[in-house]
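Trainee: I'd like to learn how to read cavities, pockets and sheets in a model like this one. Can we go through them one by one?

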Amino acid sequence: MGPLDLLVFLFSDHTVRTVGAGAVLMGVTSGVLGVYALLRRQSLLGDAMSHAALPGLALAFLLTRSKESAFLLFGAALAAWVGALGVIAVTGYTRLKPDAALGIILSVFFGFGLVLLTVIQRLPTAAQAGLDKFLFGQAATLLQRDVGVIGAIAVLALGAVVLGWKEFKLLSFDPAFAAVQGFPVRLLDVVLTSLVVLAIVAGLQTVGVVLMSAMLIAPAAAARQWTDRLSTMVLLAAVFGAAAGIGGVVLSSLGDSLPTGPTIVVCASLLVYGSLLFAPHRGLVWQRLVAARRQRTVQALRVLAQLYWLGAQHGDPFYPHPVRALRALVGPGVEGSLQELAARNWVRRLPDGRVGLTEEGLAAVRDFLRQAEPEAPAPASSEAKAQGGEAGQ
Amino acid sequence: MTAPFPQQALAIEIADLTVAYRDRPVLWDVDVQVPAGVLMAVVGPNGAGKTTLLKAVLGLVRPAAGTVRIFGQPIKAVRRLVGYVPQHREVDWDFPTSVLDVVMMGRYGHLGWFRRPGARERALALAALEQVGMRELANRQISQLSGGQQQRVFLARALVQDAQVYLMDEPFAGVDALTERAILNVMRSLRAAGKTVVVVHHDLQTVREYFDWVLLLNVRRIACGPVAEVFTEENLRQTYGGRSVALEVKRS
């Protein structure tokens, strides 16, 4: 069975199809909203909010005794919201810094949630709520109805982002300037944070409260590496989120009882590492390559300058010199530089092994020296000689 | 009926303004009247409340007491008439956007809710970039700008706001001489067009040359008026910790 057949087989499977749809919708939503969380430096707020959702789930179950995901997720959203408000309140009214406030809220809410889960498990009715699936997610339990809820959240959240595109962009870049222009910054902030809460809630059943913040941050962080445009970044984050969702579902349905949620998160993380390393311009590998090339160019220009100065001593800028002499002046590595220079046609190699400047090389070295030392022009006498040599050509 | 507000003589009228962060007063009982059409410097030592004063005028900080009026109206009623150039360090310049995009943000208030900028906003933004000498950099990523270029982008963004009153927070901070000249020229052309420009300024040497009106501020208003009248040795001493200066005078 080839890989394509395998995919066809997987997606003809009803459960995989449902779970896959849920994972994609979840990935797109959290990817898009994660961009705003990332750009507004609220990545950790997302983590605190997703952990804070746990007691909300438990309380919703205790109050309604229903496993209906719409009820449970409503409770989760409410608690996540209260958690976010808690962080804002602790930061605003105490002298604690935001990181400490996040830590406090996260652990208090999460701990309370775990206590409630234990209480629920000991209930005599033993309704077997299976709420612990919300800890790390259990995608296999997604029903079509759940996917419907996630889909509704996705439509709402993405619609809001499209509608308020310019407002959210301004809020994220320069909130004070938004306020100066009369936009209600507090309201916009509340709306955007609520959308992040919705994105978190959409992923709770698939990925769980513990890992959900990764789905918020990873696609956005990966997308940031590839582009300098907000619109492209949002689209890429959506694609990365969806890809992680699909990847996780496919991998976990292939492997023996691999948990879907964590596998999705691993896929998202791989996208981040790949992007951090290999993205053009911002990627580490790219930056290394650029730095190395720059280093080589500077080294080559130094060799070129030596040739120029040696030539000036002979009164002829094109006077060829043995490679040995250059190596003594510049050090090892001169051979590589000469190859580079020859490739640019800045030096010519004579059959006897000596090397000399070309016309282009002379122009390049003069240009380089002017930029390198704008204050100190080359000594007048050798410059004049060089000019003379040039004229004699 | 009163005349439409831009014709009124006072562009900004600040009365009894007090602003406090926690229990520390940043501005104390400040009265300032800025006539329309002046180019005014706000000078004072660090922590004198200069930025806070601008933010209070803009309605970004809530005063503990006092009122601010722009052409006789509260700021909420006349937002379109006020342009703002914040300190360029106040935003994250690694934000994924271009110079042109940032300048067009100055039109968002005019566009109102949900309407996207179009060809008209683009043209206005390009004209403003031309005015600050940054037209060629319109499509540049903002992360690749120097400090002086960032400052000029913010200036262009304020220009497209097409305001009557401009508030600028240290627009000359960290810019080279050439950029300073370019920014000054923009300010002067604004004044020539009858606009009022208020500038938080640090270089006392250039106050006389650049500005025609000055506010000396150190939590309290020390003096405010035409540069020739109030920019005096005595007022400066009061503004910049008069006591230490007085001690030195006694010793010598």
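Mentor: Let's start with the enclosed spaces, keeping in mind that this is a predicted model. The largest cavity has a volume of about 50 Å³.

Trainee: Which residues line the largest cavity?

Mentor: Both chains take part: A:V180 and A:Q181 from one, and B:R79, B:R80, B:V82, B:G109, B:H110 and B:Q161 from the other. Sorted by class, that lining has two nonpolar, four polar and two charged residues.

Trainee: How many cavities of 30 Å³ or more does the structure hold?

Mentor: Two. The second largest has about 40 Å³ of space, and its lining is made up of B:I12, B:I14, B:V34, B:M40, B:L53, B:L54, B:V57, B:L167 and B:V198. The elements giving two or more residues to that lining are β1 and α1 of chain B.

Trainee: And how does the lining of the second largest cavity divide into nonpolar, polar and charged?

Mentor: Nine nonpolar, no polar and no charged. The largest share, three residues, is supplied by α1(B).

Trainee: Then let's look at the elements around that spot. In what order do the three strands of the open sheet in chain B come?

Mentor: To read a sheet, go through the strand order and then ask how neighbours pair. Here the order is β2-β1-β4, with antiparallel pairing. The strands β2 (24-35) and β4 (65-70) of chain B are at the edges with a single partner strand each, so one side of each has no neighbour in the sheet. From one strand to the next, the twist averages 15 degrees.

Trainee: Over how many bridges do β1 and β4 of chain B pair?

Mentor: Five, in the antiparallel sense, with β1 covering residues 10-21. For a register to check on screen, take B:I14, whose bridge partner in β4(B) is B:V68. You've met B:I14 already, as one of the residues lining the second largest cavity.

Trainee: Where does α1 of chain B lie?

Mentor: For a helix on a sheet, look at which strands it crosses and at what angle. Helix α1 (residues 50-58) lies across β1, β2 and β4 of chain B, at about 115 degrees to β1(B). That helix also lies across β3 (39-43), β5, β6 (165-169), β7 (196-200) and β8 of chain B, running at about 150 degrees to β6(B).

Trainee: What is the strand order in the six-strand sheet of chain B?

Mentor: This open sheet runs β5-β6-β7-β3-β8-β9, and its pairing is mixed. Its edges are β5 (82-85) and β9 (220-226), each with a single partner strand, so one side of each lacks a neighbour in the sheet. Strands β8 (residues 213-218) and β9 of chain B pair in the antiparallel sense over six bridges, and B:W213 stands opposite B:P226.

Trainee: Now the pockets. What volume does the largest pocket have?

Mentor: About 1,900 Å³. With a pocket, look at the lining after the volume. This one is lined by 48 residues, with A:V185, A:R186, A:D189, B:L60 and B:V61 nearest its centre. The largest share, six residues, comes from α4(A), and the classes are 29 nonpolar, seven polar and 12 charged.

Trainee: What about the second largest pocket?

Mentor: Its volume is about 450 Å³. Of the 20 residues lining the second largest pocket, A:K169, A:R229, B:S98, B:D101 and B:M104 are the closest to its centre. Its lining has seven nonpolar, six polar and seven charged residues.

Methods. Residues are numbered from 1 along each chain as its sequence is written. Chains are lettered from A and ligands numbered from 1 in the order in which they are written. This is a predicted model: local features need pLDDT of at least 70, side-chain atom pairs count only at pLDDT 80 or more; totals for chains, interfaces and linings use all residues. Side-chain values use heavy atoms; hydrogens and water are left out. Two strands pair if DSSP finds at least two bridges between them. Helices (H or I, at least four residues) and strands (E, at least two) are DSSP runs, numbered from the N terminus. Axes are lines fitted to C-alpha atoms, for helices over the stretch in contact, and angles run from 0 to 180 degrees between N-to-C directions. Contact means heavy atoms within 4.5 Å. On a 1 Å grid over the protein atoms alone, a cavity is a set of points where a 1.4 Å probe fits but cannot get out, and a pocket is an open set with protein on both sides within 12 Å along at least five of seven lines; lining residues have an atom within 4 Å of a point. Grid points are joined across faces, edges and corners, and a volume is the space filled by probe spheres set on the points. Ala, Val, Leu, Ile, Met, Phe, Trp, Tyr, Cys and Pro count as nonpolar, Asp, Glu, Lys and Arg as charged, and the others, Gly among them, as polar.
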